[in-house]
Amino acid sequence: EPPGLIPGRGRAAAADIKALLADFEGRLPQLGGSPGRPRRRASEEGKLPRAGAFQVVRYIYRQNGLSELLVPAMGESPRELFHFLCGICWRLLLDTEDLPRRAGLLFLVYLLYHSQHPQRFDVPVSA
């Protein structure tokens with residue numbers, strides 16, 4: 001963890017992100033397949049449904065209040081906190097080959113970016 005952030009924030013944020021991804025993957029089978037075709041588990045096929053996956057991530061994000069991850073504690077830099085959270089997402093993205101999980105992480109970074117207030121910092125893409 002960077003020295004400017006409170007201790008334990010990384011573990012707590014990673015646990016919240018992993019819980020969101022697990023919930024997302026659990027809800028994917030409910031989205032179904034194409035009209036006229038039976039519903040199949042998206043993770044079994046290694047594919048995402050044609051539509052609706054982003055809405056599921058957004059619903060879980062809002063339901064669990066994950067925008068609170070971006071609220072800095074006293075003395076924390078909002079920019080450093082945002083970049084740290086994106087770094088957790090990128091690390092998880094590199095550690096998995098599962099397409100639904102990767103999509104969930106990209107959706108999450110998008111939501112984190114748009115949840116920044118009052119200013120928005122760029123998403124870090126390299127170390």
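Is T96 buried or exposed? Hold that thought for a moment while we get our bearings, and keep in mind that what you have in front of you is a predicted model. At 10% relative accessibility, T96 counts as buried, because the cut-off for that label is anything under 20%. The residue sits in the loop between α4 (78–94) and α5. Setting aside residues up to four places away in sequence, T96 touches R101 and R102.

Now for the whole chain. DSSP gives 5 helices and 0 strands, so reading along the sequence you get the pattern α-α-α-α-α. The chain has 127 residues, and 36% of them are buried. If you take the contacts with a sequence separation of 6 or more, 69% of them join residues 24 or more positions apart. The helix pairs below show some of the contacts in detail.

Start at the N-terminal end, with L5. This residue lies in the segment before α1, and at 7% relative accessibility L5 counts as buried, because the limit is 20%. Who are its partners? Leaving out neighbours within four places in sequence, L5 is in contact with E76, E80, L81 and F84. The backbone tells a related story: the C-alpha atoms of L5 and S77 are 7.8 Å apart in space, with their positions 72 residues apart in sequence.

Moving on into α1, look at how this helix meets α4. The two axes are 10 Å apart and the packing angle is about 50°, and α1 and α4 are therefore oblique to each other. The crossing is right-handed. On the α1 side the residues are R9, G10, A13, A14, I17 and K18, and they meet L81, F84, L85, I88, C89 and L92 in α4. Sort the residues of this contact by class and you find 9 nonpolar, 1 polar and 2 charged. Two of the α4 names, L81 and F84, should ring a bell: they are also among the partners of L5.

C89 deserves a stop of its own, along with C86. How many disulfides does the chain have? The count comes to 0. The reason is distance: the sulfur of C86 is 6.2 Å from the closest cysteine sulfur, which belongs to C89, and that is too far for a bond, because the cut-off is 2.5 Å. Look at it from the other end and the closest cysteine sulfur to C89 is the one in C86, again at 6.2 Å and too far for a bond. C86 is buried, with a relative accessible area of 0%. C89 likewise counts as buried at 0% relative accessibility.

Back to α1, this time for its meeting with α5. Helix α1 (residues 9–27) and helix α5 (residues 99–115) have axes that come within 10 Å and cross at roughly 125°. That makes α1 oblique to α5, and the crossing is right-handed. From α1 the contact uses I17, L20, L21, F24 and E25, while α5 brings P100, R101, G104, L105 and L108. By class, the contact has 7 nonpolar, 1 polar and 2 charged residues. I17 also appears in the contact with α4, and R101 is one of the residues T96 touches.

Zoom in on F24 while you are here. This residue lies in helix α1 and counts as buried at 0% relative accessibility. The C-alpha atoms of F24 and G104 are separated by 7.2 Å, even though the two residues are 80 residues apart along the chain.

G104 leads to another helix pair, this one between α3 and α5. Helix α3 (residues 53–63) packs against α5 at an angle of about 55°, with the axes 10 Å apart. That makes α3 oblique to α5, and the crossing is right-handed. The α3 residues A53, F54, V57, R58 and Y61 meet G104, F107, L108, Y110, L111, L112 and S115 in α5. They divide into 9 nonpolar, 2 polar and 1 charged. Compare the lists and you will see G104 and L108 here, and G104 and L108 also among the α5 residues that contact α1.

Conventions: Residues are numbered from 1 along each chain as its sequence is written. This is a predicted model: local features need pLDDT of at least 70, side-chain atom pairs count only at pLDDT 80 or more; totals for chains, interfaces and linings use all residues. Side-chain values use heavy atoms; hydrogens and water are left out. Axes are lines fitted to C-alpha atoms, for helices over the stretch in contact, and angles run from 0 to 180 degrees between N-to-C directions. Helices (H or I, at least four residues) and strands (E, at least two) are DSSP runs, numbered from the N terminus. Angles under 35 degrees count as roughly parallel, over 145 as roughly antiparallel, 65 to 115 as roughly perpendicular and the rest as oblique. A crossing is left-handed if the near helix is turned anticlockwise from the far one by less than a right angle, and right-handed if clockwise. Contact means heavy atoms within 4.5 Å. Ala, Val, Leu, Ile, Met, Phe, Trp, Tyr, Cys and Pro count as nonpolar, Asp, Glu, Lys and Arg as charged, and the others, Gly among them, as polar. Buried means under 20% relative accessible area, exposed over 50%, partly exposed in between (1.4 Å probe, protein chains only).
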